[in-house]
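Hi,

Here is the model I promised to pass on. Have a look at it first, and my notes follow below.

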Amino acid sequence: MVVILYLIVLFDLLPEFYYNCGNVSINKEVTMIIIMERNATEENIQTVVDLLELHEFKVLVKQGDVHTVIDALGDKTTLSPGRIEALDGVKQIKFIREPFRLASRDRKPEDTVIEFSNGVKIGGANRPVSMVGPCSVEEDYEGLLEVAQAAKELGCQFLRGGAFKPRTSPYDFDGLGEKALQYLAKAREATGLLVVTELMDSADLDLVCHYADVIQIGARNMQNFKLLKSVGKCNKPVILKRGAASTIREFLLAAEHIMYNGNEQVILCERGLKSFDSAFTRNLLDISAVPVIKKYSHLPIIVDPSHGTGQRYLIEPMAKAGLVVGADGVMVEVHHNPSQALSDGKQSLSIPQFKEVFTRLNSLIDTLHLEKSAPVLSVE
Ligand code: PEP
Ligand code: MN
């Protein structure tokens, strides 16, 4: 407590390290707490202090009974914590604030709401949205249109479908490319649904932007930093899917990359993690990530129970679970003929199943929407 109060005082005294990124300014200042080993020598401590001061950090050394602790405040981009960590006698470095800045609730307490030209909104107190469609867009346009029309009738707002598919095996169908994008655009024209599709390669950015309303970055590319940089520079909203073995902090830092490069319209998507038990489910859908992310970030988050479970019968219960814990929407795979689907048929609903499941999901969404607009009690 004393440490924190002291750091707040320090904070006020320090010069500010702001720089501009698009239309936002970022405070690059960090507060590091460097804990020295119990047997660290005076010389070890002085070396750390000298290095920090050389990089214009404000430093406070506190001699504890067992450990010496050094509080340091300054611009982390001029001195990486790794360099301090590597010095003799340094036990551990802790940070007061989360490393993601633009994505954090500290910077922006109110929820980010992403609005589309047709009035659809994602995030905040808005009604949770539904994004549905086949895993891959296939040759049969009529099949895609059938799904899109059912989606429209059920009040869904987005048609999702892959044109460029990341496939584990090089022998699997990897998408129709531009033809699929054209099909999606044609289905948008027929139904008014907004189009979501995945971008796998920066070289296709202009092409995908031309057809899509929302660009998806898939789980496999969550840490493809060059790709994140390219979508950061475009002006379309981005759905960022959580990597199958990524922590929540890594997930938010990936979003930070997009925002840092100038695009603040990021929608997060929890789509399940690799777990030790894949006997019954393809992935482990991390439902708790939704309220955790809501606590630490202002960005909207949706859940994808299709990839999150790999099982058709689990779509409804897990979509409901995600919505109940506060998700701003769901992404579900729907195919006109799942048993013939070229990818992910097992986790896709058929059109009759889609109608049944979404009739029930919609009534849950209606109820939750009423609650979402009501004040929420804050429990720490
Ligand atoms: C998809 O949405 O079709 C997809 C490939 O998802 P993920 O990146 O989550 O595996
Ligand atoms: Mn899929």
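Let me start with a network of salt bridges that links Glu-316, Lys-320, Glu-356 and Arg-360; a salt bridge here is a side-chain nitrogen of Lys or Arg within 4 Å of a carboxyl oxygen of Asp or Glu. Inside that network, Arg-360 pairs with Glu-356, with the closest N and O atoms 3.6 Å apart. Both lie in helix H12, four residues apart, about one turn of the helix (helices are DSSP runs of H or I with at least four residues, strands are E runs of at least two, numbered from the N terminus).

A caveat on the source: this is a predicted model, where local features need pLDDT of at least 70 and side-chain atom pairs count only at pLDDT 80 or more, while totals for chains, interfaces and linings use all residues. Residues are numbered from 1 along each chain as its sequence is written, chains are lettered from A and ligands numbered from 1 in the order in which they are written, and side-chain values use heavy atoms, with hydrogens and water left out.

The structure holds 17 salt bridges. One of them joins Arg-107 to Glu-264, closest N and O atoms 2.9 Å apart, and it links parts of the chain 157 residues apart. Another joins Arg-282 to Asp-344 at 3.1 Å; Arg-282 sits in the loop between E14 and helix H9 and Asp-344 in the loop between strand E16 and helix H12, so this pair ties together parts 62 residues apart in sequence.

Overall, the protein has twelve helices and 16 strands.

Cheers
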